[in-house]
Amino acid sequence: MAARVLGAVLDLLYPPRCAACGEGLRSTAEEPFCPVCREAVDAVPPGCRRCGLPGPDALCGGCHADPPAFTSLAAGGLFGGPLADAVHALKYGGRPALARPLGAWLAHRTWGGRSPAYGDSEQSECGTLRASRGVSPASEAAKPAAASAASIRAEGAAAGPQAALLPGARAQPSWIVAVPLGRRRRLDRGYDQAALLARSLARSAPGARFLPGALVRTRETAPQVGRTRTERLGNVRGAFRGSPAVQGRDVVLVDDVVTTGATARACAEALLAAGARSVRVLALARAD
């Protein structure tokens with residue numbers, strides 16, 4: 001009861017805004033998108049059961065010839081329009097607080113999210129809600145992620161079959177691991193957006209637990225943007241190392257955007273080499 005009252009007060013003092021267009025929202029129940037932007041997010045078309053590449057084949061030619069180390073890949077939507085705007089705001093706009101509602105949205109779209117409580121106490125809930133308004137943007141990265149139960153209910157009908165895109169997600173506990181950002185870019189940005197997304201998703205997905213530090217970069221890599229698939233594979237080959245903490249565990253790897261899947265492939269190889277039982281991949285958006 002107190003939490004709902006607190007949320008309502010903060011909605012009045014610090015009105016939430018759409019992660020894409022900035023339009024004011026009536027409450028956190030509508031996050032992360034306003035109704036117009038929510039309707040404009042394109043779902044990922046059916047395609048390869050392994051890498052998720054849209055197309056007519058159940059198993060694409062690439063996965064048939066050279067299967068990736070991960071067993072499946074799903075994304076919340078196609079990269080473009082409002083979703084692209086939200087990703088850019090999260091990554092380059094200095095808005096780490098967007099990871100909270102976007103992570104919960106991703107869990108709902110690909111996993112079938114539950115209705116987690118905000119934080120572990122009224123105090124932590126207040127901090128999380130204030131961070132989502134940008135009251136303390138720099139410290140948001142250290143706060144626990146949370147999601148709105150009403151938000152999940154509001155998008156229930158819209159998510160449709162996407163709520164089951166991650167095969168076997170609820171069969172047994174899954175450990176959420178983020179694709180680590182390079183040290184230089186993390187220092188420049190001030191936070192690791194994939195880690196924030198992963199933490200939020202773990203709080204919104206049934207049977208999921210966040211495993212921080214389970215995957216590290218062993219060297220800095222150049223940005224993948226603008227590179228061919230072959231160049232991307234070479235750029236990240238051997239650039240990651242898994243922690244012994246993943247041994248014997250089913251891992252869900254989380255990133256913001258997936259394009260060719262080269263980074264996800266390299267990360268999955270490192271996690272399996274460290275003893276993970278399986279690796280599945282989730283991304284906020286899928287790009288061409």
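Select W175 in β2 and R209 in β3: the two residues are bridge partners. The model is predicted, and every value in this tour is computed from it. Strands β2 and β3 run parallel and are joined by 3 bridges.

**Strand β2**

Keep β2 (174-178) selected and look at the other neighbour. There, 4 bridges join β2 to β6, again in parallel. One pair to display is I176 of β2 with V252 of β6, which stand opposite each other.

Now colour β2 by burial. How many of the residues of β2 are buried? The count is 5 of 5, so the strand is mostly covered. In a regular strand the side chains alternate between the two faces of the sheet. In β2, S174, I176 and A178 lie on one side and W175 and V177 on the other, and both faces are covered.

**The whole sheet**

Extend the selection to the full sheet. Five strands would be picked in the order β1-β7-β6-β2-β3, in an open sheet with parallel pairing. Which strands form the edges? They are β1 (72-78) and β3 (208-210), each of which pairs on one side only. Viewed along the sheet, neighbouring strands are turned by 25° against each other on average, with direction ignored.

Go to the β1 edge. Strand β1 runs parallel to β7 (residues 278-286), and 6 bridges connect the two. Two pairs are worth labelling: L78 has R286 of β7 as its bridge partner, and A74 stands opposite L282 of β7. Although β1 is an edge strand, 6 of its 7 residues are buried, so the rest of the structure largely encloses it.

**Helices on the sheet**

Add helix α5 (residues 99-110), which packs on the sheet and touches β1 and β7. The direction of α5 makes about 120° with that of β1. Then add helix α10 (residues 193-204), which also packs on the sheet. Its contacts there are with β2, β3, β6 (250-258) and β7, and its direction makes about 130° with that of β6.

Hide the strands and keep α5 and α10. Two packed helices are described by the angle between their axes and the distance between the axes. For α5 and α10, the axes come within 7 Å and cross at roughly 50°. The two helices are therefore oblique to each other, and α5 passes α10 in a right-handed crossing. To see the contact itself, show the side chains of A99, R100, L102, G103, A104, L106 and A107 in α5, together with L196, L197, S200, L201 and S204 in α10.

**Helix α11 and its cover**

Move to helix α11 (residues 229-236). Which of its residues are buried? Select R232, L233, N235 and V236. These residues span an arc of only 165° around the axis, which puts them on the same side of α11. The cover over the buried residues of α11 includes β5 (240-242) and α12 (262-273).

Bring α12 into view beside α11. The pair packs at an angle of about 35°, with the axes 8 Å apart, and the crossing is right-handed. On the α11 side the contact uses R229, R232, L233 and V236; on the α12 side it uses A262, T263, R265 and A266. Of the α11 residues in that contact, R232, L233 and V236 are also among the buried ones.

Just after α11, select G238 and check its backbone: phi is positive, at about 70°.

**The loop at C48**

Next, centre on C48, in the loop between α2 (35-40) and α3 (61-65). Is C48 buried or exposed? It is buried, with a relative accessible area of 4%, against a cut-off of under 20%.

What is C48 in contact with, leaving aside neighbours within four places in sequence? Show L53, D57, A58, L59, C60 and C63. For a distance label, pick the C-alpha atoms of C48 and L59: these residues are 11 apart in sequence and 4.6 Å apart in space.

**Zooming out**

Finally, display the entire protein chain, which has 12 helices and 7 strands. Of its 288 residues, 52% are buried. Among the contacts with a separation of 6 or more, 74% are between residues 24 or more positions apart.

Notes. Residues numbered from 1 in each chain as written. Predicted model: local features only at pLDDT ≥ 70, side-chain atom pairs only at ≥ 80, totals over all residues. Heavy atoms only, no water. Pairing = 2+ DSSP bridges. Axes fitted to C-alpha atoms, helices over the stretch in contact; angles between N-to-C directions. Contact = heavy atoms within 4.5 Å. Buried < 20%, exposed > 50% of the residue type's maximum accessible area, 1.4 Å probe, protein only. Arc of directions from axis to C-beta. Parallel < 35°, antiparallel > 145°, perpendicular 65-115°, else oblique. Left-handed = near helix turned anticlockwise from the far one by under 90°.
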